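Visitor: I would like to go through this model term by term. Please set each value against its definition.

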Amino acid sequence: MITGMDRLAAAARGEILDRIPVFCNLVDQGARELGMPLETYFSRGEYVAEAQLRMLGKYGHDNVWSLFYVGREAELLGCRKIKYANDGPPNVEDFVIKSYADIERLEVPDDISTHPAFAETAHCLEILKREVGGKAPICAYLTASMSLPAILMSMEKWIELLMLGPTEMRDLLLEKCSAFFQKEIEAYRKAGADVLVYADPYGSTDIVPMSMFRELSLPWMKRDLATGGLDGVVYYVGGARVNGVLDQVIEEVGFGTYYPGPMDDIGDSMRIVADRALCGAVINDIRLIDWTPDEVRAEVKRLVQRGLKISKKLFFGTILMPFGIPEANIKAMIDAACEFGRPDRLEA
């Protein structure tokens, strides 16, 4: 039996087995799957793992997630208040950094794998590894050092510090965030994650100018990944466009997998990557809330076939997967990606 891990390994070699890998970021939907409020759902690693396994069987995609919510990283650094919604991801309610003195006081845990705030994530990974380890890619989400300050001090205050300084405070915070990232990726690898999504919206010129990308974003990427290496790491810019920096990142950093934004042209992405790495055909999944299943199917067909005309080093992916997407559209999307990603449908 061909597994999701088999499909991913084949795609990385430029081959297609039965079909391309289909990655689906079903996160908040797990609460609906188990019929419980989001706050209850995210309180236990066993709930998250059970929902991931149920949805894997229900929809037939290839991956599972250990992600609870992005604010979990802020909790590892001292955040004590998370705001829960009824129909979307939880957010940081109380920022760890309120003044520059808080940057100086910020302490990076010595061992994240033993941190109390990591315990339920570790439990989730333990279950996923036991049930589908080596079969379905187990994904983890890690925020890059350039992007992590936004959930520690707010986007507005981080942009102000980043653009206006003082540079010594900016650099001190980046040093601590990079040290945290290095310990976090080590913890996730140790706990069993296979795919490590390096989330860095500040790695796109949609967010920062090209001069800052070259002077800050690229050097901090290299620093984040200097100790742990690039095995299993995916370059992801949170839905922003990546084509404008793809070539530089490939040449200077060398990730093995790239996750363009839905506003990137997949044909251009594949031409830039040029068989040097695996690349995603990524749908604008916010539109899945309102599209009909037929519209979803047509868009998936367009993306997958456009990408495969250039290279077989392709996977299908999603970004946000809002809570409000109808189940019929999730199923239509995954079914279409599986169908049009088959070798016999390449010229259809």
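Visitor: What is the order of the strands in the open sheet, and is the pairing parallel or antiparallel?

Guide: The seven strands run β1-β4-β5-β6-β7-β8-β9, with parallel pairing. This is a predicted model, in which local features need pLDDT of at least 70 and side-chain atom pairs pLDDT 80 or more, while totals for chains, interfaces and linings use all residues. Residues are numbered from 1 along each chain as its sequence is written, and side-chain values use heavy atoms, without hydrogens and water.

Visitor: What makes β1 and β9 edge strands?

Guide: β1 (64-65) and β9 (314-317) each have a single partner strand, so one side of each lacks a neighbour in the sheet. Strands are DSSP runs of E with at least two residues, and helices are runs of H or I with at least four, numbered from the N terminus.

Visitor: How do you know that β8 and β9 pair?

Guide: Two strands pair if DSSP finds at least two bridges between them. β8 and β9 have four, in the parallel sense, so the definition is met. Leucine 314 in β9 is the bridge partner of cysteine 279.

Visitor: Why are both faces of β9 called covered?

Guide: Leu314 and Phe316 on one side are buried, and so are Phe315 and Gly317 on the other. Buried means under 20% relative accessible area, exposed over 50%, and partly exposed in between (1.4 Å probe, protein chains only).

Visitor: What makes glutamate 327 and lysine 58 a salt bridge?

Guide: The term requires a side-chain nitrogen of Lys or Arg within 4 Å of a carboxyl oxygen of Asp or Glu. For glutamate 327 and lysine 58 the N to O distance is 3.0 Å, so the pair qualifies. Glutamate 327 lies in helix α15 (residues 327-340) and lysine 58 in helix α4 (residues 45-59), 269 residues apart.

Visitor: Why is lysine 58 called partly exposed?

Guide: Because its relative accessible area is 37%, lysine 58 falls in the class between buried and exposed. Glutamate 327, at 34%, is partly exposed too.

Visitor: How do you know that arginine 276 and aspartate 247 form a salt bridge?

Guide: The closest N and O atoms of arginine 276 and aspartate 247 are 2.7 Å apart, so this pair also meets the definition. Arginine 276 lies in the loop between α13 (266-273) and β8, and aspartate 247 in helix α12 (residues 243-252), so the salt bridge ties together parts 29 residues apart in sequence.
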